[in-house]
Amino acid sequence: PRNPLLNDVPRWLEEGAPHLWLPYTQMQTVPMPLPVVKTDGVRLTLADGRELIDGTSSWWTAAHGYNHPHIRQAVTAQLERMPHVMLGGLAHEPVMTLATRLAKLLPGDLNHTFFSESGSVSVEIAMKIAVQFWINSGIKGKKRFVSFRGGYHGDTLAAMSVCDPDEGMHTLFKGAIAEQLITGLPTTPEKEAALDAFLATHAHEVAAVMTEPLVQGAGGMIFHDIETLKRLRRLCDKHNVLLVLDEIFVGFGRTGSMFACEAAGIVPDIVTLSKALTGGTMALAATVARTKVFEAFLSDDPSKALMHGPTYTGNPLACAAANASLDLFEREPRLRQVAAIEAQLRRELEPARSIKGVRDVRVKGAIGVIELEAMSNLDGLKRRFVEEGVFIRPFGKIVYTTPPLVIGEEDLARLTAAMLKITAEAA
Ligand code: PLP
């Protein structure tokens, strides 16, 4: 259908729209997507010249804002030298440097990185590593996963199996994917006792417990505290199962520390990273394991190796982008910027609490959420945000912003003002 927001539709959009199958989209009823021709800092420029302040960071990736010159220069220089070479029998400087830097940056002995190109795939790799860890260690039967209601880990088959099976977008696939053990997070001492009892009966068949630490993102921006993570670490140690933390959303400063596990003072056995790893410029993900996990794959027996190898694993362009992004985290005061964003979000979103139809307002780091009592017309809400000059994409009952971590006070104020105004209209 025609998009009432579009003044004129560029030819490439008119021609391409019937051929491009969009993500998470009912193709019959969706209005034509907005044509973006340029990105810069926190702004998206549309084909007709309008600028929108971006409140999403492109699915939570653009930590340093769009088109940061330092990342652009690093990728351009790498492109001149060598856009790609396979990692089968070959190696290159960007991937080695990135693996070394991640080992130094992550807590404890999370020292061994396997690279892939998407968050979902990094989750699948974490699951394969966890299952094979027990096989290689000579312990049979530990092949299942404990994951949590509200969890989201991606859209591929194994990643879907550790998502909440009853909520969210994968309910259709129930029965077509492996059945995991889904339960509640140990957010209180009582729930810790319940999970303790659950693991006491199931640990013999469980390879790993998997969760998004501190924030379950796509499952509804549900916040947890560091105590929950400490409980998980204790229970996993007690019951001899691995702990996998999926930091694809929260990693790289989003909640106020570089990694959520760091804030909790725990070291997971495996961690998955993606999204802001390259500052939102190139597709790259990492599955990082602790030394004891990695060492279970060392053997004279070739069958104990990890049999995984995506064609583009460790792509030099993506690794160059990630190295440049890490430079920026080192050089620029990102975590202080997150603290300032958090304070402003708290101040400016708080008044939404008194809007009729608002169930909750919550803020953690650079994540600001207004939760509504009921679902509303999402297409209508999205349109109104664009009319207000901002790009915000509500889902379910959640109106939220995850701005680039470099956003200035005035631009953030425009985002929060739009959130309040449009939430009030919708109520
Ligand atoms: N895990 C978490 C916590 C995520 O938020 C996402 C994406 O939103 C994924 C995994 C999947 O990553 P990707 O979309 O890159 O496959």
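Two strands count as a pair if DSSP finds at least two bridges between them. Keep that in mind, because β10 and β11 clear that bar with three bridges, running parallel. Hello everyone, and thanks for coming. What you see above is a predicted model, and I'd like to walk you through it from the middle outwards.

Let's stay with β10, residues 242-246. Is this strand enclosed or open? Five of its five residues are buried, so the rest of the structure largely encloses β10. Both faces are covered, with L242, V244 and D246 on one side and L243 and L245 on the other. That fits a general pattern: in a regular strand, side chains alternate between the two faces of the sheet. Besides β11, strand β10 has a parallel partner in β7, residues 206-211, over four bridges. If you'd like landmarks to click on, M210 stands opposite V244 in β10, and V244 in turn stands opposite I270 in β11.

I270 takes us to the nonpolar core. The largest one holds 114 residues, and those touching the most other members are A130, A208, L242, I270 and A321. Which helix gives the most to this core? Helix α5, residues 119-136, with nine residues. Domain 1 and domain 2 both contribute residues, so the core lies between them. As for I270, its contacts away from its own stretch of sequence include A126, I129 and A130, as well as L242 and V244.

Now, those two domains. Domain 1 is made of two stretches, 11-64 and 333-426, while domain 2 covers 69-331. Their C-alpha centres are 27 Å apart. Where they meet, 25 residues of domain 1 are in contact with 20 residues of domain 2. On the domain 1 side, α2, α12, β13, β14 and β16 each supply at least two residues, and α12 gives the most, with five.

Several of those elements belong to one sheet, so named here by its strand order: β13-β14-β16, three strands, open and antiparallel. The edges are β13 (358-364) and β16 (398-401); each has a single partner strand, so one side of each is left without a neighbour in the sheet. From one strand to the next, the twist averages 10°. Strand β14, residues 367-372, pairs with β16 over four antiparallel bridges, and V369 has Y400 in β16 as its bridge partner. Helix α12, residues 334-349, packs on this sheet, touching β13 and β14, and its direction makes about 165° with that of β13. Helix α14, residues 409-426, lies across β13, β14 and β16, at about 170° to β16.

Next, the annotated positions. An unreviewed UniProt entry marks K275 as a modified residue, "N6-(pyridoxal phosphate)lysine". Where does K275 sit? It is in the loop between β11 (270-273) and β12 (285-290). K275 counts as buried because 26 other C-beta atoms lie within 10 Å, and the cut-off is 20 or more. Leaving aside residues within four places in sequence, K275 is in contact with W59, W60, T61, G119, I248 and F249.

G119 in that list brings us to a second annotation. The unreviewed entry labels G119, S120, D246, P310 and T311 as "binding site". They span 193 residues in sequence, and the farthest two C-alpha atoms are 22.9 Å apart, so they do not all gather at one spot. G119 is found in helix α5 and is buried, with 28 other C-beta atoms within 10 Å. Its contacts include G154, T272 and, once again, K275. D246 is back in strand β10, where we began. It is buried too, with 31 other C-beta atoms within 10 Å, and the residues D246 touches include H153, M210 and T272.

Let me finish with a contrast. Is R331 buried or exposed? R331, in helix α11 (residues 316-331), counts as exposed, because it has 9 C-beta neighbours inside 10 Å. R331 and L79 are 252 residues apart in sequence, and their C-alpha atoms are 24 Å apart in space.

Thanks for listening, and I'm happy to take questions.

How values were computed
Residues are numbered from 1 along each chain as its sequence is written. This is a predicted model: local features need pLDDT of at least 70, side-chain atom pairs count only at pLDDT 80 or more; totals for chains, interfaces and linings use all residues. UniProt positions are given in the numbering used here, feature names are shortened, and annotations may be inferred rather than shown by experiment. A residue is buried if 20 or more other C-beta atoms lie within 10 Å of its own, exposed if 12 or fewer, and partly exposed in between; C-beta atoms are placed from the backbone. Two residues are in contact if their C-beta atoms, placed from the backbone, lie within 7 Å. A nonpolar core is a set of buried Ala, Val, Leu, Ile, Met, Phe, Trp, Tyr and Cys residues joined through C-beta atoms within 7 Å. Domain bounds come from an automatic or database domain assignment. Axes are lines fitted to C-alpha atoms, for helices over the stretch in contact, and angles run from 0 to 180 degrees between N-to-C directions.
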